[in-house]
Structures are given as structure tokens and as C-alpha cells.
Amino acid sequence: MPRRRIRVTGAREAPLRVALRSLRGGLGVPESFPAEVLAEAERVAKAPRPSAHDATDIPFFTIDPPGSTDLDQAMHLSRRDGGFRVRYAIADVAAFIPPYGALDAEAHRRVTTLYFPDEKIPLHPAVIGEGAASLLPDGARPAVLWTLDLDADGRTVATDVRRALVRSRARLDHEGVQKAIEDGTAEEPVALLRDIGRLRERLEEERGGISLAVPEQQVVERDHTYTLSYRAPLPAEHWSAQISLLTGMAAARLMLIHGTGVLRTLPAAPHGAVGRLRHTAHALRIDWPHHVSYARLVRSLDPHQPNHAAFLQECTTLLRGARYTVFRDGARPALTTHAAVAAPYAHCTAPLRRLVDRYASELCLAAVANEDPPRWVLTALGALPEEMAEGDRRAGTVEHACLDVVEAALLRDRVGDVFEACVVDVREHEPTAGTVQLESPAVVARIEGGTAPLPLGERLRVRLTEADPATAQVRFTPA
């Protein structure tokens, strides 16, 4: 599910990029791999586990941001009698990582790829994650191949998953795909992305699911100052995300039927969390009548509008109760659904960037074959939720720390200025302190130092008292 995305441009020695490097050091982020991990990676990259099925005749293609080299997914879309066929190849990371080896242990230590505004800290060494296991269009690769047959309305009618050798023919990006579809030059396997994506969006709305169109924040350095802008996601990005969601839902169904698995679950948002978002909507001048549901409001927003983009960023807070739920031996868990998906769902399409996906793929392969999962999977299964929770906490810490650094850099030359804001949170036992959201730029920060209780949900003029990228501190006081 979406996280807040921030991208920084500018020279490597620009103050913000220097602050981000310092932040990585302070957080103890593992920027390099141990020598034994690199040695094992070099060795296994040359001799992955062979795939039984040859699907190299299918002209797969990838769709990723320009310059990406860690390509988890490749797809091929086609028509079939009365519907569609989705072939979705997922990088077979398990083909390269021997259980209990140095690579495996390091992946369990890192858990996820960490994303900073200026670079990433990968889950696997580049020779694996950006080379031998990545679905690049430079040769055959082992993959976990999903074949999903859909009816004319986009509903799944048949599912198959197997190990296969695949070969991507084209490395596309969303902007190019969007343009080709709009001007009618896209070949059918690409053009069908719009047809299938729209059908799946309609089904998502019917079941009450929500896909957030979270914009990317871009912080651009100009003349030693910073400006903040948003890049709204393209429709092609939403359509691609629907293919991934389709696969994750199919994976969850397979595991539930087979009786052993790991789901991504999320309970319904507590009333207080939605209430806080109502305050944020008020601060950003977004009309949210009380009779309008959260899901309906989100679908009405335009991420090209700055205030809508800022609100969509804040909507990601409702995803913070998500967790990984393990079950086995037919003992169905109490909660099987993900509230934002509005269906059972599993993470299985990003194994180059997320540890749990490697295990989910193995569980699905075993389910289709009606076999017991491999012993190394069952051995690790019980510890996965806590490992992933720790990885998510680390990623969340990185996300918040990066946002603090970026906002401090954005405001560093405006200490003493007065801004229009709205109070979106008040501390329970300290009513003179809390959180405000500025109207412009879309910054959320702490406020303290006043003498009167803060008016929750009301507008307030605030004065910036601190903005230091070196310490990642931004503070306001009532003006």
C-alpha cells in the first residue's frame, strides 16, 4: 500500500542532501553488505535454481519509473473468450537465495528496501536485486508466473501459479505507456492495461475498497532555497497497481483455501483517526459533508490540486494499523481482510524489495500443487510478522525523519514568519501543545509554547520558531 513519497533534486553537496546523509548515519542504516553476503551473491547469481516450465515465448514487458533496475514484475495481457488473461511474472528471488545462508540471514536483518529522498538502501546486493533476479529485458530470468483468467467484468475465474523461465521484451515507463494508450499507438498487450485496470477499479469501488492516489512530493533546490511541488500519479500507474492488487488477492485466496499462509490485514479505521482527517480536510479547505463517506471523498479528489495532494498524503495515516497475519494447519485467523482492499490480500509481488513476498510465493506454489510448503518456509513463518513489523517500524522511522529533514530545509529561511494553519491534533494531557497543518506549504509540524488551549479543528495563525535540517526540527508557536 502507498507510503509518502519524497524525491530530492540538487547537487550532492547541497545542504539538504548533506543532511540526509547525516540522517542515514544517525539511524544506523546498513549501507554496505558484509563480505560473505557479497561473495555468496556473486556465486548464486551465476547458477540459480532451474525452472521447470519454459515461458520465454511470451512477450512480457515491465512498467517502472525511468532508470529503475530492481524490476519485480513483468506482465503480458491478452483477450480470451469472454474475458481476459493476465500473465504476471514475479522475480523468483528464492531461486537465488539458499535457505539459512548468508544472503538469507542478511535479508532477514534488513527486511525491506529503505527509500530516502535521494537514494535507496536495498534489501539484496545489486548483483541479485538489480541484476540476476531482476526482470530486465536482457535475457531469460526465473520467475513465479501467475496466470489469472478474468471474465468480461474483470472478475477472476481461474488462477494458476508456477515456476517458469521468462524473458521480458520491453522496459517501459508509466509516462510512455500513458501516452501510447492515449494516442492509440500501444500494442494490444499494453493497451489492455487500461481496459483491465478500469474494470478492476470498478470492482474495487463495488466492494468498498480504496486505492489512494498518493502524489510524489518533490523538493527542488534553486539558488540555495527549496521549493515544494507535487507530481500526481498517472492513470497508468493506478492500472498497474490494480494488476498487483489482483494478484495479491488471488494469493490470499489460495493460502486461505490451502490452510497455511501469511496475509496483509488491516482493521477498519478507528473513529478518531477519521475524525483527525476531517480536521485536516478543514485545514486544507476541502469540503467533506458529514453524509459523505471517506471512500467517496477520496474518489472525488484530484491529486493535481495542491490541497487535494496534501490531503491524500495525510490519508496514508489510516494504513498504519496494517499487520502480517500468519495462519497454518487450517486454523483460519479472526481477521482475514485488509480494510483498504476490502478483501483478503497478501503481499507477493515485490520480493526484491520486501522479505515476506518470497515466502508468500512459496506458499502459493505449494497451494496450487497441493503440497506441503518447504520446511524452510514453515520454519520461518512464525517469526515473519514480528520481523516485518520491525522492518515497517524502521521504514516508518526513515519516512518521518526524512519528512522532518525536508520540511526543515524547506522552511529554514522563514524562521519568524507567520503562517495560516489549522490545529489537527491536541495532546490529551497538554492542551497547549499539538500539531498544526499549514495551508501553504503543506507542512505538518509540532506547535507549543502558547498559554491557551489549542482550538482543535480551528484555524490559527502560527509563527515559525525553529527549522533546522541538521536536527530535523520544525516548531511553531501561536502568533
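Visitor: Let's jump right in: does Phe311 count as buried or exposed?
Guide: Keep in mind that this is a predicted model. The cut-off for buried is under 20% relative accessible area. Phe311 comes in at 0% relative accessibility, so the label is buried.

Visitor: Which helix is the place of Phe311?
Guide: This buried residue sits within the run of residues 306–315. That run is helix H10.

Visitor: And which residues are in contact with Phe311, leaving aside its neighbours within four places in sequence?
Guide: Contact here takes heavy atoms within 4.5 Å. With the neighbours within four places in sequence left aside, the partners of Phe311 are Leu277, Thr280, Ala281, Leu284, Ile286, Trp288, Leu297 and Leu301.

Visitor: Trp288 is in that list, so which aromatic cluster do Trp288 and Phe311 belong to?
Guide: Trp288 is one of the contacts of Phe311. The two share one aromatic cluster with a third residue, and the full set is Trp288, Tyr294 and Phe311.

Visitor: What separates the C-alpha atoms of Phe311 and Asp70?
Guide: Along the chain, these two are 241 residues apart. In space, their C-alpha atoms are separated by 30 Å.

Visitor: Staying with rings, how many aromatic pairs does the count come to?
Guide: A pair of aromatic rings is described by the distance of the centres and the angle of the planes. For a pair to count, the centres have to lie within 6.5 Å. By this rule, the count is 4.

Visitor: What kind of aromatic pair do Tyr359 and Trp376 form?
Guide: Their centres are 5.3 Å apart, with 65 degrees between the planes. Planes over 60 degrees apart get one particular label. That makes Tyr359 and Trp376 edge-to-face.

Visitor: Which parts does that Tyr359 and Trp376 pair tie together?
Guide: Tyr359 and Trp376 are both buried. Tyr359 belongs to residues 355–369 and Trp376 to residues 375–381, so the pair links parts 17 residues apart in sequence: helix H11 and helix H12.

Visitor: Why is the pair of Phe419 and Phe476 classed the way it is?
Guide: The ring centres of Phe419 and Phe476 are 5.8 Å apart. Their planes stand at 90 degrees, so the pair is edge-to-face.

Visitor: How many residues apart in sequence are the parts tied together by Phe419 and Phe476?
Guide: Phe419 counts as buried at a relative accessible area of 4%, and Phe476 does too at 1%. Phe419 lies in strand E17 (residues 418–427) and Phe476 in strand E21 (residues 473–478), so the separation in sequence is 57 residues.

Visitor: Over to Thr62: what is its relative accessible area?
Guide: Thr62 has its place in strand E3, residues 60–63. Leaving aside neighbours within four places in sequence, its contacts include Leu71, Leu135, Ser168 and Arg171. Thr62 is buried, with a relative accessible area of 1%.

Visitor: What about His174, buried or exposed?
Guide: His174 is found in helix H5, residues 174–183. Apart from neighbours within four places in sequence, it is in contact with Ile63, Asp64, Leu234, Ala236, Glu237 and Ser240. Its relative accessible area is 14%, and with the cut-off at under 20%, His174 is buried.

Visitor: How far apart in space, C-alpha to C-alpha, are Ala126 and Glu42?
Guide: Ala126 is in helix H4, residues 126–132, and is partly exposed at 43% relative accessibility. Ala126 and Glu42 are 84 residues apart in sequence. In space, the C-alpha separation is 9.7 Å.

Visitor: What value is phi of Ala342 near?
Guide: Most residues other than glycine have a negative phi. Ala342 sits in the loop between strand E15 (337–338) and strand E16 (343–344) and is partly exposed at 27% relative accessibility. Its phi is positive, near 60 degrees.

Visitor: And where is Ala472 found?
Guide: Ala472 also has a positive phi, near 60 degrees. At 15% relative accessibility it counts as buried. Its place is the loop between strand E20 (459–468) and E21.

Visitor: Zooming out, what radius of gyration does the protein chain have?
Guide: The C-alpha atoms fill a box of roughly 70 × 55 × 50 Å along the principal axes. Buried residues make up 54% of the 479 residues. A compact globule of that many residues would be near 23 Å, and the chain agrees, with 23 Å.

Conventions: Residues numbered from 1 in each chain as written. Predicted model: local features only at pLDDT ≥ 70, side-chain atom pairs only at ≥ 80, totals over all residues. Heavy atoms only, no water. Rg over C-alpha atoms; globule rule 2.2 N^0.38 Å. Buried < 20%, exposed > 50% of the residue type's maximum accessible area, 1.4 Å probe, protein only. Phe/Tyr/Trp six-rings, centres within 6.5 Å; stacked < 30°, edge-to-face > 60°. Helix = DSSP H or I, 4+ residues; strand = E, 2+ residues; numbered from the N terminus.
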